[in-house]
Amino acid sequence: MYVAVKGGETAILNAGTLLAQARRGDPAVSEVSVAQIAGQLRLGVARVMAEGSLYDEELAALALKQAAGDQVEAIFLLRAYRTTLPRFGYSQPLDTARMAVRRRISATFKELPGGQVLGPTYDYTQRLLDFSLLAGGEAPVVAEAAQPLPEHLPRGIDLLGEEGLIEPELPPPGDPAPADLSREPLSFPAGRATRLQNLARGDEGFLLALGYSTQRGYSHTHPFAGEIRMGEVALEVVPEELGFAIQIGEITVTECQMVNQFAGSSTTPPQFTRGYGLAFGEAERKTMAMALVDRALRCAELGEEPAAPAQQAEFVLSHSDNVEAGGFVQHLKLPHYVDFQSELELVRRMRAAIASAQPAQEQTA
Amino acid sequence: MQANDRLLTPLLRVSGLTRHYGARIGCADVGFELWPGEVLAVVGESGSGKSTLLKLLSTRLAADAGRIEYALLGRGLTELSRLSEAERRWLLRTDWGFVEQNPRDGLRMNVSAGANVGERLMATGARHYGEIRAAAQDWMARVELDPARIDEAPSRFSGGMQQRLQIARNLVTKPRLVLMDEPTAGLDVSVQARLLDLLRELVTSFGLAAVIVTHDLAVARLLAHRLLVMQGGRVVETGLTDQVLDDPQHPYTQLLVSSVLHL
Amino acid sequence: MSATGYNFAYLDPQTKRMIRRALLKAVAIPGYQVPFGSREMPLPYGWGTGGIQVTASVLGRDDVLKVIDQGSDDTVNAVNIRRFFARTADVATTDRTAEATVIQTRHRIPEAPLAEGQIMVYQVPEPEPMRRLEPREAVTRTLHALADYGFMHVKLYEDIARYGHIATTYDYPVMVNGRYLMSPSPIPKFDNPKLHRSPALQLFGAGREKRVYAVPPYTRVESLDFEDHPFSVQRWDEPCALCGADDSFLDEVVLDDAGGRMFVCSDSEYCASRQHAGHTGPAHRAQRGSLAAARAGEVGIEQGKPVPASNDTASARLGRGPASS
């Protein structure tokens, strides 16, 4: 009867204190600082920023610390903070072609202008536990490249565009302002800008599973990783009083352009189609999965029969948000005894009705 | 006077009905009239456009061009595209019926036979459980299903029984027009014959008008007053059933008829 | 006590205006689900974020707030939400239904009759009454637009065919003002008649699903049924063991592991005020001492629920109240 007790407030306060103590862990071990988390757990911080929809490494690291490393909880903390912030305006579209690239690879071209830039990646590491980290080894010194990268690397996928081999990426007719999902409810049918926003905030695990399902026959889109790039892009806004764009800073993003199954008919020449993924920070797995799901969700527009889960916009978009999902799954912990009492009473009554009918049936049998 | 009017007006009038799928023709410039109590069979091979025509008639598919007019009760011939969505849905669930080729598409498989037959009544305002149930039992008997099985799920019925249940579900509101898509195609030959007998009897006793799409000329012969022969999305021949089948004029019809023995 | 750095009642004024606009539309179209830009709240989705946003939007500094969950003011979630508004809005709170101007609830409607000028705020997990039969939002919105609700009766028909009666016991769908089908939120069907022509304004908030809807005062609210199987509510064979009420929704309290149990009012304030007025129930009269001991021993609580804690005590424990604000 934890629910019916007067004094529930004290219990709640005590639970909070216990949580704080558990988070701190052994006081003999020095406390982890927010700067350490931001600096050394950068991929964890990136995910919290991306799905928390707030680019702030310090606050994301703080959320991770407060959440004791639980990413979904940290994302929730950041979202609940974000929603209280005033909205000053919207930035200009990011120009990822002008990204200061730290990583840029393409699986569709052997070589491309500017080269394949591997950057910091786990891809070619052997996944062996590095016991030297137990001892707190020093970071190796990285040698400087003989020649610097060009300041801007053109997007590899644009090479296809010049030949008309891939569908152009154009704004929808009339170039309407995109909806803002953090201000307006999702409604169906949802346009691509809305879908991409939803996916960018969506749970990485959910998108990964859905993207994976498209590779295993639940919708088939023949994906190729056209280009994945990661680095810093400038963020620009146009203040009303100035009337021209000024740079207010730069953010790290990962972008994935998938090249997919071509579409065409006897009259329209075939072209490859696209799937797109973008997320804050270094988030390659997330953006690749996002691009697969984006392409699958474009089925109606490309004349494909929506049959697989990843093609059902309502299904995908309504269940991608881990703050919504985490809350609703866990609300089952709240007391439900009034509803349960109603069911209990009904089941008892029905059982009683059957029990009283049974002897009569046996007699007639 | 009123009876006279009814005789002078067709129930359904279709003209210039056209639908393309991209560059391909689904159905082109189809027109016909259907009179109360008349059964029209649309025959042709697969790809001839007969299924497209049925989808257009049932407003499940929008036409690129053409008109469908129906003699609404109390309103006379009305173009269906002028109806509001609410009026259209009301029409489809009261005065019209649609029998799917696969009964699983036309039934709610997760509710009982009784609920399936009673649904249209409930959707049109019936709120007396006992009366709904009595109507469902009555209709089950009329389509030769055992009314004692009213609480069973359709999945426990055979294919032929499911098809009869679907017919009962459609006829419970006494529609004046029923569209049927290959209603006997999925059934064994013996079951087919019994269902055809039942359909003929229901059509006659209720004065139903029907459009039946079939690739089976024997079905057309048995049920239809008139035939519409389609090829490549177009009507190539039309006329009284016996006349068309016994003396086909168009080469395609001749080919169809000659490919079937013992009509 | 108000936490610094946040707006009155947490939400910023623009957001509150947006929600109030949605609520006005909801009041204008009784039972219609109005989409709104639901915000992330510092409480999880599914834990009352819709109700909290509605309460935050209508709450003024002079309001007196009551929060209940399962009919009780003292369940963890009710305490948590009341603490939230005590921290962020510094409004007076109360256990007494008659004193409250705004009552936020999860899963119950108080037993004491509501009055004009009061606002009921319901927490709604799933605003769409047809969702279990039709998962696609695009379809259910069309069905609402066309008032095409036939298949809801198919479900009721199936219940009667299978069980002999309608087997929905809570979140029992209702028709509002003869037009919109509405989920009353997961209140027991016992409470459905209280929705009908209530003098209070009833607001419903679904945060995760981003919908608000309303039943304005004195609006017709009918539970779906058949003429020959009319809607009926739960009844118990015995009155409340503590206050003797025979007109309230009763919770079953398990007393021991030998099957001992008793039935007590789910509305803790109703029960307490009846006891305060001198009403007693059978258990209370017969075995007052041994019962209290048994409950404390078996369920490990420090204080039994039936003890009629006075309002002052409750307020003091919350650190604030009508007297101390």
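These are my notes on chain B and on where chain C meets it, taken from a predicted model.

**Fold of chain B.** I looked up the secondary structure and found eleven helices and ten strands in chain B. I then checked the radius of gyration, which is 18 Å; the globule rule gives 18 Å for 263 residues, so chain B is as compact as a globular protein of that length. Along the principal axes, the C-alpha atoms occupy a box of roughly 55 × 45 × 45 Å.

**Inside and contacts.** I looked up burial next: 52% of the 263 residues of chain B count as buried, meaning under 20% relative accessible area. For contacts in chain B with a separation of 6 or more, I noted that 66% join residues 24 or more positions apart.

**Surface and charge.** I read off an exposed area of about 11,800 Å² for chain B, with 50% of it supplied by carbon and sulfur atoms. I also looked up the charged side chains of chain B, which come to 30 positive and 30 negative. The centres of these two sets lie 6 Å apart.

**Where chain C meets chain B.** Which residues of chain C supply 34% of the area that chain C buries against chain B? I started with the contacts: 20 residues of chain B are in contact with 17 residues of chain C. The two chains bury about 1,700 Å² between them, and carbon and sulfur atoms carry 63% of that area. For the share on chain C, I noted C:Leu146, C:Val154 and C:Tyr157, which supply the 34%, more than any other three residues.

Note on methods: Residues numbered from 1 in each chain as written. Chains lettered and ligands numbered in written order. Predicted model: local features only at pLDDT ≥ 70, side-chain atom pairs only at ≥ 80, totals over all residues. Heavy atoms only, no water. Helix = DSSP H or I, 4+ residues; strand = E, 2+ residues; numbered from the N terminus. Rg over C-alpha atoms; globule rule 2.2 N^0.38 Å. Buried < 20%, exposed > 50% of the residue type's maximum accessible area, 1.4 Å probe, protein only. Contact = heavy atoms within 4.5 Å. Areas by Shrake-Rupley, 256 points an atom, 1.4 Å probe, with all protein chains shown as cover. Lys, Arg positive; Asp, Glu negative; His and termini not counted. Charge placed at Lys NZ, Arg CZ, Asp CG, Glu CD. Buried area = accessible area lost by both parts, 1.4 Å probe.
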